[in-house]
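Grab a pencil and open the viewer. Here are a few short exercises, each with a solution worked step by step.

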Amino acid sequence: MSHYDVYAIGNALVDSQYEVSDAQLNAAGVEKRHMTLIDAARRTELLSHVYGVPAHRTGGGSAGNTVVAVAQLGGKAFYSCRVADDELGDFYTQDLLSHGVATNLAHTRAPEGQTGVCLVMVTPDAERSMSTFLGATADIDATSLHPHDIAKSKVYYMEGYLAASPTGLDAALKGRQMAVDAGVALATTLSDMTMINFCRPGLDAMVGSPETGTLDYLFCNEEEAQVWCGSTDLAQICRQLSQQARVVCLTRSAKGCLVLEGDKVIEVPAVKVKAVDTNGAGDMFAGAFLYAVTHGHSHAQAALLANQCAAKVVSQVGNRLSQQDVNALKSAFEKHALLHA
């Protein structure tokens with residue numbers, strides 16, 4: 001009997017989100033659509049550029065968003081991460097617990113320092129540009145893992161951003177081996193073009209091989225897939241990605257997503273919405289997909305739910321959905337699944 005549907009490891013970050021103009025983004029020197037790692041001095045500088053702009057604060061971190069999505073949909077999730085003993089660390093811990101996500105933070109005393117933050121700047125075209133100060137999460141290591149809970153989970157999910165941290169990557173890979181030894185399904189996300197360009201070896205290790213255990217689920221968007229495969233030819237990309245995991249979810253924004261299973265390609269259409277803010281959409285997609293497949297739904301059905309949840313995220317400001325919105329999406333999905341059973 002599994003304790004958790006999804007056990008994840010990733011960066012604990014508190015998101016501070018600002019709506020800015022393209023001119024403000026350029027003045028701040030932030031690269032559009034990308035995630036950039038920053039230090040404390042750069043964080044202070046960026047805050048001066050958004051002084052007076054209302055901030056929307058939420059719990060964040062890519063895998064953190066994913067496990068919250070799993071829990072909101074009714075699944076059981078565990079999150080291994082690292083915060084500091086400060087106000088933001090308390091905020092992050094309580095945010096996970098309030099969403100019903102189990103975490104190592106509830107069993108350990110946080111170290112001194114600063115909890116990681118992500119300054120998210122959203123421009124009028126709905127694109128999100130992220131500047132991440134890792135803080136305490138830069139030193140996440142294998143002590144954050146709960147081996148017993150990994151072994152009792154259905155899916156072990158690694159956040160691709162951990163490829164940028166030597167200790168974080170080591171922890172993710174040790175957890176990966178624990179999952180392989182216990183017969184737990186493996187999942188990861190390519191996360192961002194920055195990770196692919198500068199941290200490829202770490203991502204390669206997470207994706208793995210027949211010798212280290214092949215991935216069951218791989219998540220990426222089309223832009224990441226193009227960089228990963230070194231091609232813009234969709235057919236070639238699909239052929240390459242299908243060799244990386246048993247199931248690949250390739251999201252394509254307004255074009256929906258492709259689910260790759262060996263030689264089979266399933267097209268799942270997108271939900272038409274007016275995009276307001278893309279922050280958290282990919283994280284929500286992964287969470288909804290993993291919730292569905294761990295609750296008996298087909299990969300095509302799972303992608304349908306994931307598309308619907310991600311579309312709701314991009315139609316609002318913020319990286320998370322309200323429980324009311326999630327309940328409505330889940331109810332509509334379950335009715336659809338019954339009709340097409």
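## Exercise 1: a pair within one helix

Glu-45 is partly exposed, at 39% relative accessible area; that label covers values between buried (under 20%) and exposed (over 50%), using a 1.4 Å probe and protein chains only. Before going on, note that this is a predicted model, where local features need pLDDT of at least 70 and side-chain atom pairs count only at pLDDT 80 or more, while totals for chains, interfaces and linings use all residues. Residues are numbered from 1 along each chain as its sequence is written, and side-chain values use heavy atoms, with hydrogens and water left out.

**Task.** Work out how Arg-42 and Glu-45 meet.

**Solution.**
- Step 1: the two side chains form a salt bridge, 3.1 Å from N to O. The term calls for a side-chain nitrogen of Lys or Arg within 4 Å of a carboxyl oxygen of Asp or Glu.
- Step 2: both residues sit in helix α2 (residues 40-49), three apart, so about one helical turn separates them. Helices here are DSSP runs (H or I, at least four residues), strands likewise (E, at least two), numbered from the N terminus.
- Step 3: Arg-42 is buried, at 18%.

## Exercise 2: a long-range pair

**Task.** Find which parts the salt bridge between Arg-33 and Glu-223 ties together.

**Solution.**
- Step 1: the N to O distance between these side chains is 2.7 Å.
- Step 2: Arg-33 belongs to the loop between α1 (22-28) and β3 (35-37), and Glu-223 to helix α9, so the pair ties together parts 190 residues apart in sequence.
- Step 3: check exposure. Arg-33 is partly exposed at 32%, and Glu-223 is partly exposed at 31%.
- Step 4: zoom out. The whole structure holds twelve salt bridges, and Asp-22, Lys-32 and Asp-125 are linked in a network of them.

## Exercise 3: a tryptophan and its neighbours

**Task.** Is Trp-228 buried or exposed, and what does Trp-228 touch?

**Solution.**
- Step 1: locate Trp-228 in helix α9 (residues 222-229).
- Step 2: its relative accessible area is 5%, so Trp-228 is buried.
- Step 3: leaving out residues up to four places away in sequence, Trp-228 touches several residues, including Leu-190, Ile-196, Leu-203 and Leu-241. Contact means heavy atoms within 4.5 Å.
- Step 4: Trp-228 and Leu-241 are 13 residues apart in sequence, with C-alpha atoms 8.9 Å apart.
- Step 5: the side chains of Trp-228 and Gln-244 share a polar contact of 2.7 Å.

Technical notes
A polar contact is a pair of N or O atoms within 3.5 Å; within protein, one must be able to donate a hydrogen and the other to accept it, and residues adjacent in sequence count only if both atoms are side-chain atoms.
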